[in-house]
Amino acid sequence: MFIGEYHFSIDEKGRLFLPSEYRKDLGTEVIVNRGIEKCLYIYPIDIWSKIVEKLSSLTFTKKTNREFNRMFLSGAFKKEIDNKGRINIDNILIDYAGLKKECVIIGVGERIEIWDKEEWNKYYNERLSILDEISEGIEFDI
């Protein structure tokens, strides 16, 4: 499980450090993908395999299923974590997420998200003011 918020800078070669707290659960290879919002998702290989399996089980004759699979899976890249704990992010993904220098890396359960710092602050501050409203619609037992 990935939790927490970390701040790192992406270098001119597109390399980004992953927090050591995350690396121990990621293994040596990960999938970096376009997120649903203006961010990137990072998945451990085993979780990614489950996602692909579920997406593959969707009825392909339904247009929205085909479109989602096409858009979601085409943005996925397998990456190795180097011996310094960095991943190299492709330019297409950097452009998609609008990553500049400063990045925010957050844990969201089974995935990690990478945000441009300004974009994350904007997103976070907009949601913070309505957090109580958002939480009203969530039901779960502990």
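**Exercise 1. Determine how far strand E8 is covered and which strands it pairs with in this predicted model.**

Solution.
Step 1. Take the burial of E8: 5 of its 6 residues are buried, and the strand is mostly covered.
Step 2. Look for the pairing with E7. E7 and E8 are joined by 6 bridges in the antiparallel sense. Within this pairing, Cys103 has Asp116 of E8 as its bridge partner, and Ile106 stands opposite Glu113 in E8.
Step 3. Look for the pairing with E4. Here 3 bridges connect E4 and E8, again in the antiparallel sense. Leu40 has Ile114 of E8 as its bridge partner.
Step 4. Inspect the hairpin of E7 and E8. There are 2 residues between the strands, and Gly109 takes a positive phi near 75°.

**Exercise 2. Work out the strand order of the open sheet and name its edge strands.**

Solution.
Step 1. Write down the order. The sheet has 6 strands, arranged E1-E7-E8-E4-E3-E5, with antiparallel pairing.
Step 2. Find the strands that pair on one side only. These edge strands are E1 (5-9) and E5 (77-80).
Step 3. Add the angle between neighbours. Neighbouring strands are turned by 30° against each other on average, direction ignored.
Step 4. Check the pairing at each edge. E1 pairs with E7 over 5 bridges in the antiparallel sense, and His7 stands opposite Val104 in E7. At the other edge, 4 bridges join E3 to E5, which run antiparallel. Ile31 stands opposite Lys78 in E5.

**Exercise 3. Place helices H3 and H5 against the strands.**

Solution.
Step 1. Begin with H3. This helix, residues 63-74, packs on the sheet and touches E3 and E4. The direction of H3 makes about 125° with that of E3.
Step 2. Continue with H5. Residues 117-128 form this helix, which lies across E1, E7 and E8. H5 runs at about 105° to E8.

**Exercise 4. Classify Asn65 and Ile105 as buried or exposed, and list their contacts.**

Solution.
Step 1. Locate Asn65: this residue is found in helix H3.
Step 2. Apply the cut-off. Buried means under 20% relative accessible area. Asn65 has a relative accessible area of 15%, and is therefore buried.
Step 3. List the contacts of Asn65. Not counting residues up to four places away in sequence, Asn65 touches Leu58 and Thr59.
Step 4. Locate Ile105: this residue is found in strand E7. E7 is mostly covered, with 5 of its 7 residues buried.
Step 5. Apply the cut-off again. Ile105 is at 0% relative accessibility and so counts as buried.
Step 6. List the contacts of Ile105, with the same exclusion of residues up to four places away in sequence. They include Tyr6, Phe8, Leu16, Phe17, Tyr22 and Ile114.
Step 7. Relate Ile105 to Ile42. The two residues are 63 residues apart along the chain, and their C-alpha atoms are separated by 9.9 Å.

**Exercise 5. Describe the largest nonpolar core and the elements that contribute to it.**

Solution.
Step 1. Count the residues. The largest nonpolar core has 21 residues. Those with the most contacts inside it are Leu26, Leu40, Ile42, Ile87, Ile89, Leu99 and Ile114.
Step 2. Assign the contributions. Two or more residues each come from helix H1 (20-26), strand E3 (29-34), strand E4 (40-44), helix H4 (91-97), strand E7 (102-108) and strand E8 (111-116). H4 gives the largest share, 3 residues.
Step 3. Separate the other core. Another core, of 12 residues, lies apart from the largest one and has Cys39, Tyr43, Val104 and Trp120 among its members.
Step 4. Return to Ile87. Leaving aside neighbours within four places in sequence, Ile87 is in contact with residues including Leu16, Leu18, Val30, Val32, Ile42, Ile81 and Ile114.

**Exercise 6. Find the residues and elements that line the largest pocket.**

Solution.
Step 1. Take the volume, about 280 Å³.
Step 2. Identify the lining. Among the lining residues are Gly4, Glu5, Glu37, Ile106, Glu113, Trp115, Trp120, Tyr123, Tyr124 and Arg127.
Step 3. Group the lining by element. E7, E8 and H5 each supply at least two residues. H5 gives the most, with 4 residues.
Step 4. Connect this with the earlier steps. Ile106 and Glu113, both in the lining, stand opposite each other in the pairing of E7 and E8. H5, which gives the most to the lining, lies across E1, E7 and E8.

Terms used:
Residues are numbered from 1 along each chain as its sequence is written. This is a predicted model: local features need pLDDT of at least 70, side-chain atom pairs count only at pLDDT 80 or more; totals for chains, interfaces and linings use all residues. Side-chain values use heavy atoms; hydrogens and water are left out. A nonpolar core is a set of buried Ala, Val, Leu, Ile, Met, Phe, Trp, Tyr and Cys residues joined through side-chain atoms within 4.5 Å. Buried means under 20% relative accessible area, exposed over 50%, partly exposed in between (1.4 Å probe, protein chains only). Contact means heavy atoms within 4.5 Å. Two strands pair if DSSP finds at least two bridges between them. Axes are lines fitted to C-alpha atoms, for helices over the stretch in contact, and angles run from 0 to 180 degrees between N-to-C directions. On a 1 Å grid over the protein atoms alone, a cavity is a set of points where a 1.4 Å probe fits but cannot get out, and a pocket is an open set with protein on both sides within 12 Å along at least five of seven lines; lining residues have an atom within 4 Å of a point. Grid points are joined across faces, edges and corners, and a volume is the space filled by probe spheres set on the points.
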